[in-house]
Amino acid sequence: MEKYLPNIFFALILIAGIGYFTMNVRKLIRNIKLGKDIDRNDRKPERFKNMAKIALGQYKMVRRPLSGILHIIVYVGFILINIELLEIVIDGLFGTHRVFQPVLGDAIYGFLIGNFEVLAALVLVAVIIFWLRRNVEKVKRFWNKEMTGWPKKDGNIILYFEMVLMSLFLIMNATDIHFQEAGVGNVISQFIAPWFDGYSAETIHAIEKTAWWLHIVGILIFLNYLYFSKHLHILLAFPNTYFANLNPKGQFTNLEAVTKEVKMMMDPDADPYAMPEEGAEDEVPEKFGASDVTDLNWVQLMNAYTCTECGRCTSSCPANLTGKELSPRAIMMKTRDRLEEVGKNIDANGGEFKDDGKQLLNDYISPEELWACTSCNACVQECPIGIDPLSIIMDMRRYLVMEESAAPQELNMMMTNIENNGAPWQYSQQDRLNWKDEN
Ligand code: SF4
Ligand code: SF4
């Protein structure tokens, strides 16, 4: 029985790690579903193409070549090296050692592990460059005011995680005497192995076992850390790009009820008292626009969880660049923070949301931020994973205008002029052609 204790212990931490992760994924899905329904099941081939190009192919990342290429190295390396995880899990559960080596044969096994070792070294280098860019070069977009406190720490923690995991993988291989003696696949670890010359075989074996355990435990911690981190995008980038808005940028969604009203105003024969047709749904929404996260749609909420906080949007935002209060990245971060708060409220109150006297508007996002937006779509264009901060801004503005009549004075004047004069200017339609008499 004693012999099986490590295997039982391994199975227990595996179950605990996967169990906690599953619990958080369910919470994540529940929170996203708090959003309003929106149909994004159309144009499936186009959606798959979008996902393949943006999430899998990372084509938007390389618009900024240095960070784009480094990101691709980390992404590809991390995914491929984790194939090794399968072997670790089997070894852990059944007490085998490098179970795939005899199954695949030395040549294939060595080829695979050799590639993983090269990738691990490249990931290590890429992650160190990322760390230097953040902390030494201090690239501006990582130092905006929303990137203080947890977001700043989170960005670094994940880099440390990757450095440690990659190092453990290489040390594990370098101290595996059997693997080193076989001489297949130890492309990088053969240069690390001499660091342990002079140690007894028992000590080297103990170091290997420790690295092995720390590696698997580290991966499980990493997996569970994702939910609390901007690194959730590793998983959500795929659905996020699949369900992204495929309409041309700048095409706004008109409210059906309002469109109908306007058409009615413009149709001299329309009967304003006409009853809706039998069976027709009441199309007037309970609330126009959005003042809280539950007024947004589920894709917008998924966007908030997917945001990587890379700041590419903010660094292209004309409002932000000219010193305005607005940062599209902060819009996404605040939406996620409020959504998390609502989720915790639901958990604490037996599955029901208890009014906490707060909302996204004013408590998280100010009208000043919302009105600073020029609706230029640069943030949408720049986002490497298909996030649309502008749609949230427009929905919240819609609320301010339609529910609170709280548009800035200039806009209110313009809207009054359109209503009274049919044009945004402050003179009557009869005076439109006066300019020609002046010449
Ligand atoms: S649409 Fe608004 S938030 Fe986005 S880049 Fe333009 S001004 Fe900034
Ligand atoms: S919205 Fe997109 S571009 Fe902006 S910080 Fe998030 S992931 Fe980066």
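At what angle do helix α15 and helix α19 pack, and how far apart are their axes? In this predicted model, α15 spans residues 328-348 and α19 spans residues 389-402. The two helices pack at an angle of about 75°, and their axes are 9 Å apart. These two values are needed because two packed helices are described by the angle between their axes and the distance between the axes. Angles of 65 to 115 degrees count as roughly perpendicular, and α15 and α19 are therefore roughly perpendicular to each other.

The contact itself can be followed residue by residue. From α15, the residues P328, I331, M332 and T335 take part, and they meet P389, I392 and I393 of α19. Of the residues in this contact, 6 are nonpolar and 1 is polar, while none is charged.

M332 also leads to the next site, since this residue belongs to the surroundings of ligand 2. The other residues around ligand 2 are C307, T308, E309, C310, G311, R312, C313, R329, C383, P384 and I387. This shell comprises 7 nonpolar, 2 polar and 3 charged residues.

The backbone offers a further point of interest. Most residues other than glycine have a negative phi. Q58, which is not a glycine, nevertheless has a positive phi of about 55°. Q58 lies in the loop between α2 (44-56) and α3 (65-81), and it counts as buried because its relative accessibility is 6%, whereas the limit for buried is under 20%. S375, likewise not a glycine, has a positive phi near 55°. S375 lies in the loop between α17 (367-372) and α18 (378-382). With a relative accessible area of 28%, S375 is partly exposed.

How values were computed:
Residues are numbered from 1 along each chain as its sequence is written. Chains are lettered from A and ligands numbered from 1 in the order in which they are written. This is a predicted model: local features need pLDDT of at least 70, side-chain atom pairs count only at pLDDT 80 or more; totals for chains, interfaces and linings use all residues. Side-chain values use heavy atoms; hydrogens and water are left out. A residue is near a molecule or strand if one of its heavy atoms lies within 4 Å of it. Ala, Val, Leu, Ile, Met, Phe, Trp, Tyr, Cys and Pro count as nonpolar, Asp, Glu, Lys and Arg as charged, and the others, Gly among them, as polar. Axes are lines fitted to C-alpha atoms, for helices over the stretch in contact, and angles run from 0 to 180 degrees between N-to-C directions. Helices (H or I, at least four residues) and strands (E, at least two) are DSSP runs, numbered from the N terminus. Angles under 35 degrees count as roughly parallel, over 145 as roughly antiparallel, 65 to 115 as roughly perpendicular and the rest as oblique. Contact means heavy atoms within 4.5 Å. Buried means under 20% relative accessible area, exposed over 50%, partly exposed in between (1.4 Å probe, protein chains only).
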